[in-house]
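Hi,

Here is the structure I promised to pass on. Have a look at it first, and then read my notes below.

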Amino acid sequence: AANADAFLGALIESDKDIVLNNGVWHGNFNGNSGQDIGIDQSVPVEKLGTKFIAVRGGGVVSMERLVVIAHYDNTVVFVNGSAVPIGVINAGGYLEIGGGNYSAGQNMFVQTSQPAYCYQMLAGSTSTATGGMNFIPPLSCGMPKEVDLIPFVNKIGNTTLTGGVTITTTAISTVTVTDANGTTVYPPASGNTVTGASDWKTYKLQGLVGNTSVISTGPVTVSIFGANSAAGFAGYFSGFGADIEMDLTVTGDTCLNSTVLSASSIFEDYEWWVDGMPIAGADSNQH
């Protein structure tokens, strides 16, 4: 218990730029004897968000879970669009969300009332010795549209592994998975709609080999997972997108009371500002 609580939620500050990698080098997620590595590079608080989607790996339920870590007090956590929170955590606190919360489509939508950190614990196979960890970026229309490329998707060094690729993108997007020569190796099927976030879909592709690229017509995140006997791995190939801000300047003799301002309807969230302050209730794509 002391190890579980010692560093989870620790606040790290520096007077100069730093790079922080964190995770577990020799541990497990469900209290058994299986041990593996789960480590990733973190980001500063300014890059956090409030909406996250994870796709289940290949492990048993007890190995598949999410951990939300709060930076702000009274951070309320919701799962799969439910209006009833699954928990409330304060700065430095963390909340584990069990694998039983994954939907039938093998995805899970987590929303927090304030920006937070979200980590996915998963396994490459049903062996509890094949654990891994992914640091989940928040949903953003500023995410890239492709991951080009993932080299030797089924190998680490000379070791061949079995596993898969998970993809999250907008529901209206078309996804193409190709090899290094541009040949389509696996056009995904219809995908699985995300419960509580129907504007997004997820895909889980297994059996891919060699160099692999994932290209979408909309923002996309890609992760991999897999195992070879008692060795497991997981990795995220998509970074943290930036929110898009647009400044609007109106000049001349314009009657603003009869003017409707519109933004593209593809975005997840909208917030209209005037004179440096948000407009209460202005949260649709038109104002």
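To start in the middle of things, strand 13 and strand 18 (residues 220-228) pair in the antiparallel sense, with eight bridges between them. Strands here, like helices, are DSSP runs numbered from the N terminus (H or I and at least four residues for a helix, E and at least two for a strand), and two strands pair if DSSP finds at least two bridges between them.

Before I go on, a word on what you are looking at. This is a predicted model, where local features need pLDDT of at least 70 and side-chain atom pairs count only at pLDDT 80 or more, while totals for chains, interfaces and linings use all residues. Residues are numbered from 1 along each chain as its sequence is written, and side-chain values use heavy atoms, with hydrogens and water left out.

**The overall picture**

The protein has one helix and 21 strands. Of its 287 residues, 40% are buried (under 20% relative accessible area; exposed is over 50% and partly exposed is in between, with a 1.4 Å probe and protein chains only). If you take the contacts (heavy atoms within 4.5 Å) between residues at least 6 apart in sequence, 69% of them join residues at least 24 apart.

**Strand 13 and its partners**

Back to strand 13, which covers residues 162-170 and has seven of its nine residues buried. On the strand 18 side, Thr 162 stands opposite Ala 227. Strand 13 is also joined to strand 16 (residues 197-206), again antiparallel, by seven bridges. Two of the pairs to look for there are Thr 166 with Lys 204 and Thr 170 with Trp 200.

Strand 16 in turn pairs with strand 15 in the antiparallel sense, over three bridges. Thr 193 has Lys 201 of strand 16 as its bridge partner. These two strands form a hairpin with two residues between them, and Gly 196 takes a positive phi near 90° in this hairpin.

Just before that hairpin, have a look at Tyr 186, in the loop between strand 14 (175-179) and strand 15 (192-194). Tyr 186 counts as partly exposed because its relative accessibility is 33%. Leaving aside neighbours within four places in sequence, Tyr 186 is in contact with Val 177, Leu 205 and Leu 208. From Tyr 186 to Thr 176 there are 10 residues in sequence and 7.3 Å in space, C-alpha to C-alpha.

**The nonpolar cores**

A nonpolar core is a set of buried Ala, Val, Leu, Ile, Met, Phe, Trp, Tyr and Cys residues joined through side-chain atoms within 4.5 Å. The largest one has 17 residues, and Leu 66, Val 68, Val 77, Ile 97, Met 108 and Val 110 touch the most other members. Strand 3 (49-55), strand 4, strand 5 (75-79), strand 7 and strand 8 each supply at least two residues of this core, with the largest share, four residues, coming from strand 8. Beyond its neighbours within four places in sequence, Leu 66 is in contact with ten residues' worth of company that includes Ala 54, Leu 95, Tyr 102 and Cys 118. Apart from this core lies another, of 16 residues, among them Ile 150, Ile 167, Tyr 203 and Val 222.

**Holes and hollows**

For these, a 1 Å grid is laid over the protein atoms alone: a cavity is a set of points where a 1.4 Å probe fits but cannot get out, a pocket is an open set with protein on both sides within 12 Å along at least five of seven lines, and lining residues have an atom within 4 Å of a point. Grid points are joined across faces, edges and corners, and a volume is the space filled by probe spheres set on the points.

The second largest pocket has a volume of about 1400 Å³. Its lining has 42 residues, with Phe 7, Leu 8, Gly 9, Asn 22 and Ile 69 nearest the centre. Strand 1 gives the largest share of that lining, five residues.

The search of the whole structure also finds two cavities of 30 Å³ or more. The largest holds about 50 Å³ of space, and its lining includes Ile 53, Gln 120, Thr 166, Ile 167 and Tyr 236. Strand 3, strand 13 and strand 18 each supply at least two of the lining residues. The second largest cavity holds about 40 Å³, and Gly 27, Phe 29, Asp 36 and Met 63 are among the residues that line it.

Enjoy exploring!
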